[in-house]
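Trainee: I am new to this structure and should be grateful for a close look at a single part of it. Could you choose one sheet, describe it with care, and then place it among the other parts?

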Amino acid sequence: MSELLKISLPDGSVREMPQGSTPADVAAAIGPGLAKAAIAARVDHGSGAELRDLNRPFEGDAQVALVTSRDEADALELARHDFAHVLAEAIQALWPGTQITFGPATDDGFYYDVMAPASRAPFSIDDLPAIEDKMRQIIRADKPLHREVWSRADLIKRWQDHGESFKAEWAAELPEHEELTVYWSGGPEEEDAWLDMCRGPHLPSTGKLDPQAFKLTRVAGAYWRGDQKNAQLTRIYGTGWLNKKQLDAHLHRLEEAAKRDHRKLGREMDLFHLQEEAHGSVFWHPQGYKIWRELEAYMRRRLDAAGYVEVKTPQVMDARQWEKSGHWGKYRENMFVIPDEVPNTEDEGPLVSDDAEWMALKPMNCPAHVLIFKQGITSYRDLPLKMAEFGCCHRNEPHGALHGIMRVRQFTQDDAHIFVREDQLVQEVRDFCDLLDSVYHDLGFDQYAIKLALRPDKRFGSDEMWDIAEEELRQAVIASGRATEEFGWEELPGEGAFYAPKLEFHLTDAIGRTWQVGTIQSDRVLPERLDASYIGEDGERHRPVMLHRAILGTFERFIGILIEHFAGKLPVWLAPTQAVVTTIVSDADEYAEQVLAKLRAAGVRVEADLRNEKINYKVREHSLKKVPHLLVVGKREADEGMVALRTLGAEHQKVMPLDDAIAQLKAEATPPDLR
């Protein structure tokens with residue numbers, strides 16, 4: 001090793017630095033502005049880039065990219081990690097004897113699992129203001145964060161001596177080859193120095209955090225290492241950002257999300273409910289099922305026009321079929337399994353014999369579609385074959401993972417499988433991208449991102465097969481003109497399914513959240529495992545490629561997304577009740593009935609409200625249920641053949657002839673594909 005280290009920078013320049021130099025020294029050598037702005041560095045010593053502390057010495061020649069707050073993804077990860085450590089330090093400063101465990105960063109913040117000392121009750125939301133104040137004191141103290149490598153014995157002894165039994169247990173079980181590191185907040189010799197076990201990296205000091213850019217949000221129970229047999233801890237959550245402006249924007253999004261929560265709006269609009277007697281299954285009420293039926297009818301028309309054929313397959317299939325497909329080995333824990341016999345009923349309950357054959361509720365539709373494809377002889381001229389099914393599936397999700405209608409156990413996919421020849425694949429994927437784009441715009445989503453999920457470590461099929469499949473999907477998106485920054489084009493290593501790479505389509509909703517909904521997967525594995533074939537132009541048998549695709553994903557989740565995207569104010573064509581005719585005085589009841597009949601004849605989903613209530617009460621009630629239009633009529637409107645049209649969200653009503661109102665509502669009630 002030479003006396004001077006060669007440090008290569010992203011612009012291609014090379015700086016020679018003394019042994020023991022750090023990224024901070026490199027930043028200082030470049031200029032005082034960068035020295036102040038730098039918060040970490042990506043360092044590559046030849047075995048891959050690694051995000052590291054700014055003050056960690058180089059171990060040899062290296063390629064270095066200095067990280068500043070402009071590198072937002074890295075900066076947020078570092079800040080949230082540090083906020084978690086400051087949270088733990090604050091709690092232990094306020095309540096000595098508190099045990100700390102883990103404190104990772106999350107997608108929008110951080111949390112830390114802790115156990116309160118025996119001298120007090122478990123932490124609650126009432127403790128959060130005091131903890132926040134202490135955290136701000138620690139941040140303003142600008143305490144340096146310093147990394148050290150310790151021996152396993154010293155680390156375990158440290159935790160045992162300080163009554164940290166959870167940390168001691170974890171330190172004892174870390175892999176033998178792993179370097180064990182700790183971080184000091186403050187110098188080790190200082191009275192208020194604080195220590196935690198962590199892999200890092202961290203910011204140079206607590207003062208690099210903005211004391212106004214975080215907020216503790218909630219408290220929940222958690223078990224040590226996620227096992228309910230272990231000690232119960234308290235998990236304290238927070239959200240953390242780079243500055244107060246980002247925090248305020250996030251808190252505003254949370255407020256908006258709470259207003260838009262599909263579970264809350266579902267109750268107010270009387271759309272659906274869920275209950276323990278059917279964990280993870282939705283009870284659709286008449287109003288909610290109107291949305292479902294309208295959406296399903298729209299999707300069916302779009303698929304018919306795109307050349308799909310619709311099928312219906314069994315709910316229950318023999319376990320041996322799932323073994324052939326590979327799902328039994330890869331997906332068994334998420335499948336509902338039932339015996340193929342009538343159980344004996346004895347005092348101890350139903351019994352299944354050892355000889356019982358096993359069947360399973362289908363968690364997906366694809367194997368059944370292959371079985372339809374295999375009936376009879378398929379020619380190359382028959383391809384592509386686009387087989388669609390609004391298929392009801394079941395997956396055994398844990399109770400704690402269920403969330404309204406967004407994550408359920410019983411769901412219906414807008415599923416389809418396209419069986420293609422190799423030479424047809426790129427064009428079919430391109431056509432699918434065009435169809436999906438059109439559907440999303442019709443449903444009110446103008447922005448979405450496309451991601452290519454690449455091969456996972458555990459997978460079926462050869463590397464050659466994966467090379468081909470990944471490149472075909474890549475070329476299809478390029479050919480569609482969507483492999484661009486505008487469409488958020490990105491490749492995701494390791495995120496593919498066990499049998500195929502896939503394109504993922506991520507919608508952006510009205511308040512900036514993203515939802516992964518659509519997908520198309522290029523699968524050569526399942527046709528091989530289930531022996532699907534077609535007769536080629538050469539008279540020989542060939543394997544089709546099977547494209548698994550969905551646009552909505554599932555009806556349940558997509559309807560939940562729609563409700564939250566529109567805050568319940570669905571487009572008129574999707575609204576369960578599109579208009580209500582209501583009266584000011586009973587003298588107008590007969591005219592209201594005439595208006596109702598004419599609107600229904602025009603195809604509008606309309607109801608009448610002739611109750612003897614004040615008009616302002618009626619307006620508030622129907623506004624809460626997000627009815628798009630109210631047609632208010634009194635004696636004057638009846639005499640003149642007019643209506644007062646109140647549109648949800650508009651400041652003023654419009655008085656217009658009845659025929660004009662009918663024409664307007666009929667146009668708005670027409671689905672976009674029929675206009």
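Mentor: The following account begins with one sheet and then turns to other parts of the structure. Please keep in mind that the model is a predicted one.

The sheet I have chosen is open and consists of 4 strands in the order S6-S7-S12-S11, with antiparallel pairing. Its edges are formed by S6 and by strand S11 (214-223), each of which pairs on one side only. In general, the strands of a sheet pair through backbone hydrogen bonds, either parallel or antiparallel.

Let us begin at strand S6, which covers residues 99-100 and is joined to S7 by 2 bridges in the antiparallel sense. Here glutamine 99 has methionine 115 of S7 as its bridge partner. Strand S7 itself spans residues 109-115, and 6 of its 7 residues are buried, so that the strand is mostly covered. Towards strand S12 (residues 232-240), S7 pairs over 6 bridges, again in the antiparallel sense. Two of the residue pairs can be followed in the view: phenylalanine 110 has glycine 238 in S12 as its bridge partner, and valine 114 stands opposite threonine 234 in S12.

What lies across this sheet? Helix H3 (residues 72-94) lies across S6, S7, S11 and S12, and it runs at about 25° to S7. A nonpolar core of 32 residues includes Leu51, Tyr112, Leu216 and Ile236. This core lies apart from the largest nonpolar core, to which I shall return.

A second sheet offers a comparison. This open sheet has 3 strands in the order S16-S20-S17, with antiparallel pairing. Strands S16 (316-318) and S17 (337-339) stand at its edges; each has a single partner strand, so one side of each is left without a neighbour in the sheet. On average, neighbouring strands of this sheet are turned by 35° against each other, direction ignored. The antiparallel strands S16 and S20 (residues 358-361) are joined by 3 bridges, and the bridge partner of aspartate 318 in S20 is methionine 359.

Next, consider helix H5, residues 152-161, in which Arg152, Leu155, Ile156, Arg158 and Trp159 are buried. Viewed down the axis of H5, the buried residues fall within an arc of 155°, and therefore they line one face of the helix. An α-helix has 3.6 residues a turn, so residues three or four places apart point the same way. On the other side of H5, Ala153, Gln160 and Asp161 are exposed. The packing partners of the buried residues of H5 are strand S8 (145-150), helix H6 (165-173), strand S9 (180-185) and strand S10 (194-197). Just after H5, glycine 163 takes a positive phi of about 70°.

Helix H16 (residues 555-565) gives another picture: 10 of its 11 residues are buried, so this helix is largely enclosed by the rest of the structure. Among the buried residues of H16 are Phe555, Phe558, Ile559, Leu562 and His565. Alanine 567 follows H16 and has a positive phi, near 55°.

Phe558 also leads to the largest nonpolar core, which has 60 residues; Tyr440, Leu443, Leu503, Phe505 and Phe558 touch the most other members. Helix H13 (residues 425-442) supplies the largest share of this core, 8 residues. In general, nonpolar side chains tend to be buried together in soluble globular proteins. Leaving aside residues up to four places away in sequence, leucine 503 touches residues that include Val429, Cys433, Ile450, Leu473, Trp489 and Ile520.

Leu473 is also among the contacts of serine 522, a residue of strand S26 (residues 514-523). Serine 522 counts as buried because its relative accessibility is 1%, where the limit is under 20%. With residues up to four places away in sequence again left out, its other contacts include Leu425, Ala469, Pro501, Val545 and Leu547.

Finally, why is cysteine 392 not in a disulfide? The closest cysteine sulfur, in cysteine 393, is 6.7 Å from the sulfur of cysteine 392, which is too far for a bond; the cut-off is within 2.5 Å. By this rule the count comes to 0 disulfides. Cysteine 392 is nevertheless buried, with a relative accessible area of 18%, and cysteine 198 is buried too, at 11%.

Notes
Residues are numbered from 1 along each chain as its sequence is written. This is a predicted model: local features need pLDDT of at least 70, side-chain atom pairs count only at pLDDT 80 or more; totals for chains, interfaces and linings use all residues. Side-chain values use heavy atoms; hydrogens and water are left out. Buried means under 20% relative accessible area, exposed over 50%, partly exposed in between (1.4 Å probe, protein chains only). Two strands pair if DSSP finds at least two bridges between them. Axes are lines fitted to C-alpha atoms, for helices over the stretch in contact, and angles run from 0 to 180 degrees between N-to-C directions. The arc is that of the directions from the helix axis to the C-beta atoms. Contact means heavy atoms within 4.5 Å. A nonpolar core is a set of buried Ala, Val, Leu, Ile, Met, Phe, Trp, Tyr and Cys residues joined through side-chain atoms within 4.5 Å.
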